[in-house]
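Please examine the structure shown below. A short dialogue between a student and a tutor then follows.

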Amino acid sequence: MKKIYLPLLAIFSLVQAQAQEFNLADAVKISSQQVNGTARFNAMGGAFGALGGDISALQINPAGSALYNYNNFSFTGNLQIQNNKSIFEGTKATAKENDVNLSNFGAIFVVDSKNQDQALKKVTIGIGYHTNARFNDRYFSSGVSNQSVTNYFLDHANYGYNGGSVPLDYVQTREGESITDLYDYLNSIQNGFSAQQAMLAYQGYLINDTNNGYVLNGSGNSFYQENETYVSGFNNQLTGNVGFDINKKLYLGANLNVHFIDYLTSSAIYEQNQSPVTDGYKELLFTNHTYTYGSGFSFNIGGIFKATEEFRIGASYQSPTWMSLQDEFSQSLQTNIIQDNELNFYNIDPAITTLYNKYNIKNPGAFTGSLAYVFGTKGLLSFDYTRKDYSTIEYKADRADYSLVNNYYKNNLQATNEFRIGGEYRLNQVSLRAGYRFASSPYKNKDLMDDLTSYSAGIGYSFGASRLDLGYQFWQQDSQQNMISSGTNNVANIQSKNHNISLTYSASF
Amino acid sequence: MLLTIFNKSHLVRLSIIASAGIALTACSSLNQKPYDVDGIYNNSKIVVEDTHEKGAYYTEYFKEKAQESEAYFTDVENYTSNYNEANGGWGDTTSTTQIVYDYPYSYWGWGYPYGGWYDSYWGFGYGFSFGWGGYWGYPYYGWGYPYYGYGWGYTYYGYRNISRSNSYRNLTSRQLNSNRMATNVTNRSLRSNSFNRANGLSTTNRTFARANTTLNRMNVSERTSQNNRVNRFDTNQNSRINTRNTTTRTTNTRMERTTTRPTYTPSSNTRMNSGGSFGGSRSGGSMGGGMRSGGGRR
């Protein structure tokens, strides 16, 4: 099989979730903000920058709280249906994931000024807990390829140790030493990760040592592969907000946010050697888990101006989010190897969770400009534009060198343009809503991840002081996923179609 | 389709949310006329005239006038009238003319039991979330290996052996160079000059002391399953290529499963997210699946 050289950009097609090696797409995932608010917010595509009047609007423009006349609280339940269709080497597969959760709740307190003749008419205080993004998702890709995932192990074994071969001492256990002991020891040496991958494969009789380095134990030219990746987690934030109503014409506000990130990426890669095997490698199952957690901080400032009673203009700024995160990692390998005409099973499971050092990520900030037109009490139309520059994503840690990673973001990611349009029409107690959202891809190479389009609709019923809203959102986006994090250039094309149904109860008090 | 995406626990959760909303609105004793609470359509609070004072004045005024004249006047206080026609006068129905906006505080409760949210992030007490739930309820594509069946989620949280890496999670050299794939072993001869194999290592005179130093936190009892391997494994590097380990192993039942996969037909089974908590994810009793309760994270 001849070597295949790929242009340098292609090696960074690490877009979708993967749990084996460091994933450049993780920071992009943490940076993105889904439209995941109240049902009314969702139904109108999240276009609330110039409207306010909704607890989720505070995430876009903190001045929104100053529009409230009465104290208010709300909470929202959410059903999220993720649907990922994958095409790999001509084979189609589908994966679905459902998630029910309480996506946000919060309250706004309105403090009217005692002296209504002064410019400052009221001050509002808001507090809320809100989901920026829920990561629950599942991908499944399968197909037949002539590149085996064993190349991942061979690559690490032959070139991973300072550019050369992993010493035999690091793949063989010593007298009285267990796999766990050895795996644990390898965490303390340079290039230990590569040595660990080599060790797992060697212990599982996947690769053998020869005078010319490590080679596959067996042969083949056709391999059936499956990659199932499961992600579960969230990016939530706790927001403290303050708003000011000046002359009922100008509204100003600011947020302080504490972020909580917590997600687990699990992947299982299965491969079967389709060539007739009489001796050696037949099947493998490689499972990896990466658990990332941490917290962050950001702030927002914004203003809304009522040019006329009908026409409103909003502007807001969301600061970058500074996060401190930590990764925990565990993996295992199971193999079926034919030896002496007998199929033998090996379970190489170090049963260790590796704790990596803490690191920091700076996620990009965003600017939003908004316009809204309110038709008396009959309805409204609202429009938001947000610009967010993903090329400013930055990793940082005390004694680590992330310059390659940060250069990747600088060179391969770009600023995104997001347009959100929403409308509401009121018939007595009933409100009808619709929305549309478009967000351009953060990647310059659209094959890695394409633009996102979303359609939404909703209905609300007012009981006087309280309201029940139902919202539906559909969004779709195409992307790519590696079958394994390195060693092969097998890539699956993923088409994601997701549905979100939310129900919100809000009331004044 | 809806029946397939809703499993029992989802339905339970959704109905709790929905009925909470409906119950709260039903309990509201406010009048049913809709008004704008969000401030988008209506600039200010709704102002209602208090008719109480004026009412008292007019009561007195009309009382005097009633005594003076013979017209029909209605005594509002007592709801009687000196009206003697057949139709009956006031007093048949009662209604209030006062409009008072009063907000009873009983219909909402702010005391959600969400204690212990953020402990793990603020340094006082970690602990993994529990209630991971049956995300791996059944084999996906008919490939039901037992290790798949007892779930990744469970095996992940089962590891109490913690090992600290001295490095940061970062791009590996293999990721940076993955455009070079040595899939064919004969190609390696071209690379032999860049080999840096530590061939000179002789394993015999190194002691076992090295492995001990990093195992302080290890829970030995969890590793017993690994110990068997040491006895079996042939440490002579040369012999490994030529011979196979001849220790007999009990054949795992999974061997009997199909070893060939003729045609692949993707199934559209839905894997249900059946996490046991309100948050639909891996913890108990939290919001958004995000609580890490109690215990100690290492």
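The questions concern the chain as a whole and then one pair of helices.

This is a predicted model, in which local features need pLDDT of at least 70 and side-chain atom pairs count only at pLDDT 80 or more, while totals for chains use all residues. Residues are numbered from 1 along each chain as its sequence is written.

Student: How many helices and strands does chain A have?
Tutor: Helices (H or I, at least four residues) and strands (E, at least two) are DSSP runs, numbered from the N terminus. Counted in this way, chain A has eight helices and 22 strands.

Student: What percentage of the residues of chain A count as buried?
Tutor: Buried means under 20% relative accessible area, with a 1.4 Å probe and protein chains only. Of the 509 residues in chain A, the buried share is 71%.

Student: Why are helix 4 and helix 7 of chain A described as parallel, perpendicular or oblique?
Tutor: Axes are lines fitted to C-alpha atoms over the stretch in contact, and angles run from 0 to 180 degrees between N-to-C directions. Helix 4 (residues 150-159) and helix 7 (residues 192-203) of chain A pack at about 125 degrees, with their axes 8 Å apart. Angles under 35 degrees count as roughly parallel, over 145 as roughly antiparallel, 65 to 115 as roughly perpendicular and the rest as oblique. Helix 4 and helix 7 of chain A are therefore oblique.

Student: Which residues of helix 7 of chain A meet helix 4 of chain A?
Tutor: Contact means heavy atoms within 4.5 Å. From helix 4 of chain A come Tyr152(A), Phe153(A), His156(A) and Ala157(A). Their partners in helix 7 of chain A are Phe193(A), Ser194(A), Gln197(A), Ala198(A) and Ala201(A).

Technical notes
Chains lettered and ligands numbered in written order. Heavy atoms only, no water. Buried < 20%, exposed > 50% of the residue type's maximum accessible area, 1.4 Å probe, protein only.
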